[in-house]
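Biologist: Could you take me through this model? I have not seen it before.

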Amino acid sequence: MAGRQRRPAAAPDGSAEAKRTDLRANEKKCSWASYMTNSPTVIVMIGLPARGKTYMSKKLTRYLNWIGVPTKVFNLGVYRREAVQSYKSYDFFRHDNKEAMQIRKQCALVALEDVKTYLNEEGGQIAVFDATNTTRERRELILSFAQDNSYKVFFVESLCDDPDVIATNILDVKVSSPDYPERDRESVMEDFLKRIECYKVTYKPLDPDEHDKNLSFIQVINVGRRFLVNKVQDYIQSKIVYYLMNIHVHSHSIYLCRHGESHHNVEGLIGGDSELSERGRQFSAALKGFVQEHHLSDLKVWTSQLRRTIQTAEELGVPYEQWKILNEIDAGVCEEMSYEIIEETYPEEFAMRSQDKYHYRYQGGESYQDLVQRLEPVIMELERQGNVLVICHQAVMRCLLAYFLDKSADDLPYLKCPLHTVLKLTPVAYGCTVDMFDLKVEAVNTHRDRPLNAVPPAFIRRNSFTPLSSQDQIKRPRMYSVGNPSHARMSQPPTLPSMQFSEASEGAEMLQSEDSVNGFGAAHTGERS
């Protein structure tokens with residue numbers, strides 16, 4: 001809703017200190033991201049309607065937030081609907097409709113003020129300005145705004161002349177837009193095509209050879225068939241280019257599951273490299289039946305390099321790939337311990353992890369934030385591939401789910417990923433649907449509750465911002481298990497016209513509720529990883 005993007009009201013007296021505390025907390029959590037963004041960046045979308053700009057904006061924002069760069073989309077369609085009581089026809093977008101042109105410019109100015117608030121006051125690093133921005137005049141306005149505020153600008157232009165792609169986008173997304181309540185598909189298509197023609201009259205694409213040769217941008221041509229990249233300024237812009245060149249618009253599903261129950265699961269031990277229990281082997285057989293029942297003949301299967309995932313895949317009788325980066329989170333000196341033993345042996349470590357589970361790093365091991373960085377290549381491949389079954393581990397599955405379901409770093413370590421359950425993720429227009437399949441093989445519950453009212457310890461927390469070379473950390477081989485040699489363990493801005501507000505955002509948002517998605521509960525509780 002656009003109202004959520006308004007500049008916050010002035011804080012009452014007495015809350016200034018609380019606000020400063022919140023900003024310090026945001027700065028602390030974003031410190032890793034600050035290494036990638038030495039100054040705020042505004043990503044400016046360009047393109048005619050129905051070219052996938054909002055699709056790219058939402059996906060890019062989800063990715064950047066997942067890797068730890070605070071990012072937010074500012075969709076100008078939302079601001080326009082806030083300013084206009086009701087949409088009547090394409091006439092609103094005619095370049096000679098002076099009243100409408102003034103409203104649209106005012107909406108852009110308000111949105112840019114909200115961008116400024118987000119980047120200057122709310123801890124944001126990147127703002128995505130999602131609009132057509134088809135005229136050089138509008139782009140000059142944005143560049144001037146960015147220069148006045150010392151922001152970098154990176155343009156993302158979507159060029160598409162494939163009529164089938166355009167028609168599919170209109171029918172998949174625009175038919176359900178708030179602009180067209182209770183309209184039939186034919187009339188929506190007719191009006192929207194006329195809206196596109198209105199924009200074509202004044203559209204000036206980026207000119208990489210002359211007029212725009214000094215700007216930083218990427219042109220995405222016909223939904224990723226070709227790309228043109230110009231003058232990338234920094235690391236974060238290269239990450240943006242890398243991501244946009246890897247996302248493919250195609251129909252596919254991603255299947256995620258954990259390995260079958262292991263002996264360590266039964267014994268309540270974390271980490272290690274144990275084998276499957278009897279019930280774990282039963283799950284492997286049930287998983288083979290699931291693949292056959294759903295006729296997943298073209299399915300690719302990926303596992304980690306740990307025995308419990310490999311043994312689960314072996315039963316399928318199909319080729320599979322082993323990925324070392326899919327290995328479970330490294331618990332360091334706490335590997336093959338129970339949580340009770342960890343609490344008794346390392347009470348301070350146990351308390352620190354409860355305080356901030358996402359950033360906490362095990363001594364000699366990893367944090368969830370480390371794991372997200374390790375899994376980034378997996379995400380890129382999943383975006384490019386067809387149907388894939390990933391047989392992985394609890395912490396790994398949580399990180400992958402957090403990307404596809406757009407979950408925050410605070411919620412990520414507490415997503416519920418039960419054993420012997422398969423999740424089917426199907427990307428849709430602006431999100432992802434989830435189907436959950438319980439294969440009806442009993443298993444232990446490895447989920448741990450989120451601590452309630454956790455009291456911060458009176459010592460300094462070691463987290464993902466602490467270098468891996470800290471002296472209090474022990475180096476040892478990553479994989480070892482029971483039966484192998486043991487290792488020693490240590491102890492006034494512009495305002496919109498006063499008109500009716502609209503709650504809906506442009507297009508049909510296919511995003512889950514916080515508590516449930518097609519039967520999948522993102523539980524607010526902890527885990528065995």
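Modeller: Contact here means heavy atoms within 4.5 Å, and helices (H or I, at least four residues) and strands (E, at least two) are DSSP runs numbered from the N terminus. The model is predicted, so local features need pLDDT of at least 70 and side-chain atom pairs pLDDT 80 or more, while totals for chains, interfaces and linings use all residues. Residues are numbered from 1 along each chain as its sequence is written, and side-chain values use heavy atoms, without hydrogens and water.

Biologist: Let us start with α4. What do its buried residues pack against?

Modeller: The buried residues of α4 pack against β2 (71-75), α5, β3 (126-130), α6 (136-148) and α8 (185-200).

Biologist: And how many residues of α4 are buried?

Modeller: Eight of the eight are buried (under 20% relative accessible area; exposed is over 50%, partly exposed in between; 1.4 Å probe, protein chains only). Helix α4 is therefore largely enclosed by the rest of the structure. Its buried residues are Leu76, Gly77, Val78, Tyr79, Arg80, Arg81, Glu82 and Ala83.

Biologist: At what angle do α4 and α5 pack?

Modeller: Helix α4 (residues 76-83) and helix α5 (residues 98-121) pack at about 120°, and their axes are 9 Å apart. That angle makes α4 oblique to α5; under 35 degrees would be roughly parallel, over 145 roughly antiparallel and 65 to 115 roughly perpendicular.

Biologist: Which residues meet there?

Modeller: On the α4 side they are Leu76, Tyr79, Arg80 and Ala83. Their partners in α5 are Ile103, Cys107, Ala108, Val110, Ala111 and Asp114.

Biologist: Changing topic: how many aromatic pairs does a search of the whole structure find?

Modeller: The search finds 12 pairs. In one of them, Tyr63 and Tyr243 have ring centres 4.3 Å apart and planes at 5°, so this pair is stacked. Rings of Phe, Tyr and Trp (its six-membered ring) pair with centres within 6.5 Å; planes under 30 degrees apart are stacked, over 60 edge-to-face, the rest tilted.

Biologist: Where in the chain are Tyr63 and Tyr243?

Modeller: Tyr63 belongs to helix α3 (residues 53-66) and Tyr243 to helix α9 (residues 235-244). The two residues are 180 residues apart, and their pair links distant parts of the chain.

Biologist: Are they buried or exposed?

Modeller: Both Tyr63 and Tyr243 are buried. Another pair is Trp302 with Trp323, whose ring centres lie 4.6 Å apart with planes at 35°, so that pair is tilted. Trp302 sits in strand β8, whereas Trp323, 21 residues away, is in the loop between β9 and α13 (339-345). Trp302 and Trp323 are both buried. In addition, Trp66, Tyr403 and Phe404 form one aromatic cluster.

Biologist: Returning to α3 and α9, how do their axes cross?

Modeller: Their axes come within 11 Å and cross at roughly 125°. Helix α3 is thereby oblique to α9. Met56, Lys59, Leu60, Tyr63 and Leu64 of α3 meet Ile236, Lys239, Ile240, Tyr243 and Leu244 of α9, so the stacked tyrosines are part of this contact.

Biologist: One more helix, please. Why is α12 described as largely enclosed?

Modeller: Six of the eight residues of helix α12 (residues 307-314) are buried, and that is why the description applies. These are Arg308, Thr309, Ile310, Gln311, Thr312 and Ala313.

Biologist: What covers the buried residues of α12?

Modeller: The cover includes α11 (278-293), β8 (300-303), β9 (321-322) and β10 (388-392). Strand β8 also holds Trp302 of the tilted pair.

Technical notes:
Axes fitted to C-alpha atoms, helices over the stretch in contact; angles between N-to-C directions.
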